[in-house]
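Colleague: Please pick one part of this model and go through it closely, residue by residue where that helps. Then carry on from there to whatever surrounds it, in one connected account.

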Amino acid sequence: MESKRPVIASISSGKGGVGKTFVTVNVGAYLAHQGKKVLIVDCDLGLANVDIMLGIKPKFTLKEVVFGDTDIHNVAIHTKHGFDFVPASSGAAEMVQLMYEDIERIKETLGKLAQKYDLVILDTGAGISESVLQFNLFANKNVIVLNRELTSLTDAYATIKVIYQAFGRDSFNIVVNTTRNEEEAKKIFNHIDSICKRFLGFPLNYLGYIVYDEAVPRSIMRQEVLMGNQRQSASAINCASIAQQMVTWQ
């Protein structure tokens with residue numbers, strides 16, 4: 001009997017600093033608490049930060065998979081939040097400038113590991129580097145995180161445009177982060193949605209929003225997830241709503 005293919009979701013953005021990793025970790029934690037088998041992969045290969053957000057010091061990373069003989073099953077770490085995690089390296093120049101064949105090797109090994117899970121979340125780097133584009137292609141669901149900054153919106157559109165032109169992808173899910181309220185989030189989404197309809201010829205899917213909340217920087221500084229002591233905070237409730245939408249993808 002053929003095994004079901006897991007949902008593989010890439011979390012990307014046009015510019016850095018919009019909260020991709022925060023969204024990744026908290027959505028993953030919520031889904032794990034709901035009984036889903038979740039794998040988070042840090043695909044920001046040279047500037048990894050998921051391990052920092054989780055307070056984990058990994059023994060092995062994807063660097064050892066690419067340049068060593070370490071099996072990816074030995075790289076995956078089970079976290080106290082219920083999900084498994086594959087770390088990347090930070091400050092490794094060779095991981096920033098990977099050959100196409102090396103990226104394909106990572107994708108191949110991740111494809112085998114992914115069969116154990118219901119949902120695999122790829123926390124990619126920002127922008128449109130070759131590795132970011134390839135991980136978006138590897139995913140069967142593409143999520144773009146943006147915020148109210150004009151540069152965030154314009155760079156998000158540019159990212160969508162490049163992925164569409166390079167791979168023919170015309171289905172993107174939008175998360176509006178650090179917004180004042182739902183009304184502002186919808187306004188921001190409607191703006192980029194109208195641009196995509198006009199210039200690319202397809203609409204975007206509104207996945208949800210996360211309000212600005214003091215609980216967020218506190219959780220990051222403490223290397224915690226909101227689904228712990230802050231699960232009743234506004235931003236945690238927003239993350240749960242986004243996660244519930246992602247469950248329907250299965």
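Modeller: Not counting residues up to four places away in sequence, Asp-193 touches Pro-203 and Leu-204. The model is predicted. Asp-193 has its place in helix 9. With a relative accessible area of 7%, under the 20% limit, Asp-193 counts as buried.

The loop that follows helix 9 brings in the aromatic rings. Across the whole structure, a search finds three aromatic pairs. One of them is formed by Phe-172 and Phe-202, whose ring centres are 6.1 Å apart and whose planes meet at 25°, so this pair is stacked. The two rings link distant parts of the chain, being 30 residues apart. Phe-172 sits in the loop between helix 8 (150-167) and strand 7 (173-179), while Phe-202 sits in the loop between helix 9 (182-199) and strand 8 (205-211). Both rings belong to buried residues: the relative accessible area is 1% for Phe-172 and 5% for Phe-202. Tyr-164 also takes part, as ring pairs link it with Phe-172 and Phe-202 into a cluster.

Helix 8, which precedes the loop of Phe-172, offers two further residues to look at. Leu-150 is found in this helix and has a relative accessible area of 62%; that is over 50%, so Leu-150 is exposed. Its C-alpha atom is separated by 9.8 Å from that of Ile-188, although the two residues are 38 apart along the chain. Thr-159, also in helix 8, is buried, with a relative accessible area of 1%. Leaving aside neighbours within four places in sequence, Thr-159 is in contact with Ser-13, Gly-14, Gly-127, Ile-128 and Ile-144. From Thr-159 to Leu-133 the C-alpha distance is 8.9 Å, with their positions 26 residues apart in sequence.

Strands 7 and 8 lead on to the largest pocket. Each of them supplies at least two residues of its lining, as do helix 1 (20-33), helix 5 (93-96), helix 6 (100-114), helix 7 (130-138) and helix 10 (215-221). The volume of this pocket is about 630 Å³. Its lining comprises 36 residues, and those nearest the pocket centre are Gly-16, Lys-20, Asp-44, Gly-125 and Ala-126. Sorted by class, the lining holds 20 nonpolar, 12 polar and four charged residues.

Helix 6, one of the contributors to that lining, can be checked for its length. At 1.5 Å a residue, its 15 residues should span 21 Å, and the end C-alpha atoms are indeed 21 Å apart, which agrees. The buried residues in helix 6 are Asp-102, Ile-103, Ile-106, Lys-107, Thr-109, Leu-110, Leu-113 and Ala-114.

Enclosed space is a separate matter from the open pocket. A search of the whole structure for cavities of 30 Å³ or more finds one. The largest cavity has a volume of about 30 Å³. Leu-31, Lys-36, Leu-119, Met-246, Val-247 and Gln-250 line it; by class, that makes four nonpolar, one polar and one charged.

To return to the starting point, Asp-193 in helix 9 touches Pro-203 and Leu-204, and the loop between helix 9 and strand 8 holds Phe-202, the partner of Phe-172 in the stacked pair.

Conventions
Residues are numbered from 1 along each chain as its sequence is written. This is a predicted model: local features need pLDDT of at least 70, side-chain atom pairs count only at pLDDT 80 or more; totals for chains, interfaces and linings use all residues. Side-chain values use heavy atoms; hydrogens and water are left out. Rings of Phe, Tyr and Trp (its six-membered ring) pair if their centres lie within 6.5 Å; planes under 30 degrees apart count as stacked, over 60 as edge-to-face and the rest as tilted. Helices (H or I, at least four residues) and strands (E, at least two) are DSSP runs, numbered from the N terminus. Buried means under 20% relative accessible area, exposed over 50%, partly exposed in between (1.4 Å probe, protein chains only). On a 1 Å grid over the protein atoms alone, a cavity is a set of points where a 1.4 Å probe fits but cannot get out, and a pocket is an open set with protein on both sides within 12 Å along at least five of seven lines; lining residues have an atom within 4 Å of a point. Grid points are joined across faces, edges and corners, and a volume is the space filled by probe spheres set on the points. Ala, Val, Leu, Ile, Met, Phe, Trp, Tyr, Cys and Pro count as nonpolar, Asp, Glu, Lys and Arg as charged, and the others, Gly among them, as polar. Contact means heavy atoms within 4.5 Å. The expected span of a helix is 1.5 Å times one less than its number of residues.
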